[in-house]
Amino acid sequence: MSFVPLLDRIAALALAALVAAPQVANACSVCSAGRDDEAQAAFLGTTAFLSVLPLAIIGGFVWWLRRRMRAMDADGVTSHRADAPASLAS
Amino acid sequence: MTRRHGRIRVVAESQREPVIPNGVLGMLIFAMTETMLFAGLISAFTIVRSSAPIWPPPNQPRLPVEETALNTAALLLSGVLLFVARRRFQRDPGGARIPLMASMALGVFFVLSQGAEWVALIADGLTLTSSTLGSFFYLIVGMHGLHAVAALCVLAYAWLRIQRGWLAHRHLATAEVFWYFVVGIWPVLYLVVYR
């Protein structure tokens, strides 16, 4: 008996088991959790929360950094020494 | 040091004043990643609570909302005092000692009160394995407590440096970022976990 037909048989058996006992598929906590409205709303809300939060954090950080750089440029903090040229001067 | 590339002069980076001190940048990145950690925990907790047929689980003690509100107020006040310490430090570094010490004292009060709350809850039967409420409560609040203890150590280090007269602005700013993170995330955790 070769290896591949054995895998085929196992897969066929697993498929037959799922067809015969579909409730086994619900053993997954995520599959059975979102059945009522409140749970579905929680899934939706947390998905949106986790999607938006990193973008908001990084976006906020970049915005703050840009503001700070402009403020420092305006104050002349990044202009180095008085006799030094600008960081990229032609 | 200036180098010339054709018609363009380039100034070496070492001559630039950094936009953010390295320590502050590192702490900000740390705070961002930890924010995502807590966001994941909050999300998991929210889904488990919404999916539970009865919440809080039966035969489990209720979380002490009122006592923890007092702790929350102490922690928020601690953040305000750290801000006062920063303002004083800018004028006179020695003047920051008292508000910084008061800020740390309130932080220690918060951590000890949380510890006392845990002892009472464990005695009442809420443990890490007694229910999903217990599991999430100790995981989320414990994780925050761990951060609070670490941030208090950083604040204590800053205070020692003030005592010795060699605390730089960037050092205090690094400690501030850590403590503001601990202070800022707690009200969110309190509203999610304790309600």
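**Pockets, a salt bridge and a surface patch**

In this predicted model, α3 (37-75) of chain A and three helices of chain B, α1 (22-51), α2 (65-91) and α5 (169-194), each supply at least two residues of the lining of the largest pocket.

User: What makes a residue part of the lining of the largest pocket, and how many residues line that pocket?

Analyst: A lining residue has an atom within 4 Å of a pocket point. For the largest pocket, 19 residues make up the lining. A:Trp64, B:Val24, B:Leu28, B:Ala173 and B:Val177 lie nearest its centre. The volume is about 480 Å³.

User: Which helix gives the most to that lining of the largest pocket?

Analyst: α5(B), with six residues.

User: How do the residues of that lining divide into nonpolar, polar and charged?

Analyst: There are 12 nonpolar, three polar and four charged residues. Trp, Val, Leu and Ala count as nonpolar, so A:Trp64, B:Val24, B:Leu28, B:Ala173 and B:Val177 belong to the nonpolar class.

User: What lies closest to the centre of the second largest pocket?

Analyst: A:Arg68, B:Glu17, B:Pro18, B:Val19 and B:Pro21, from a lining of 14 residues. The space is about 250 Å³. α3(A) gives the most to this lining, with four residues. α1 and α5 of chain B each supply at least two. By class, the lining has six nonpolar, four polar and four charged residues. Arg and Glu count as charged, so A:Arg68 and B:Glu17 fall in the charged class.

User: Why is the contact of B:Glu176 and B:Arg86 called a salt bridge?

Analyst: The rule asks for a side-chain nitrogen of Lys or Arg within 4 Å of a carboxyl oxygen of Asp or Glu. B:Glu176 and B:Arg86 meet at 2.8 Å, N to O. The value is within the cut-off, so the pair counts as a salt bridge. Over all chains, the count is one.

User: Which parts does the pair B:Glu176 and B:Arg86 tie together?

Analyst: B:Glu176 lies in helix α5 of chain B and B:Arg86 in helix α2 of chain B, so the pair ties together parts 90 residues apart in sequence. Both B:Glu176 and B:Arg86 are buried. That term means under 20% relative accessible area.

User: Why is A:Leu7 called partly exposed?

Analyst: Buried means under 20% and exposed over 50%. A:Leu7 has a relative accessible area of 44%. That value lies in between, so A:Leu7 is partly exposed. A:Leu7 is found in helix α1 (residues 3-20) of chain A.

User: How do you know that A:Leu7 can belong to a surface patch?

Analyst: Patch residues need over 30% relative accessible area. A:Leu7 has 44%, so the area condition is met. A:Leu6, A:Leu7 and A:Ile10 make a nonpolar surface patch of about 250 Å².

How values were computed. Residues numbered from 1 in each chain as written. Chains lettered and ligands numbered in written order. Predicted model: local features only at pLDDT ≥ 70, side-chain atom pairs only at ≥ 80, totals over all residues. Heavy atoms only, no water. Patch = residues over 30% accessible without salt bridge, like charges linked within 9 Å, V, L, I, M, F, W, Y side chains within 5 Å. Areas by Shrake-Rupley, 256 points an atom, 1.4 Å probe, with all protein chains shown as cover. Buried < 20%, exposed > 50% of the residue type's maximum accessible area, 1.4 Å probe, protein only. 1 Å grid on protein atoms, 1.4 Å probe; cavity = no way out; pocket = protein on both sides within 12 Å on 5 of 7 lines; lining within 4 Å. Points joined across faces, edges and corners; volume = space filled by probe spheres on them.
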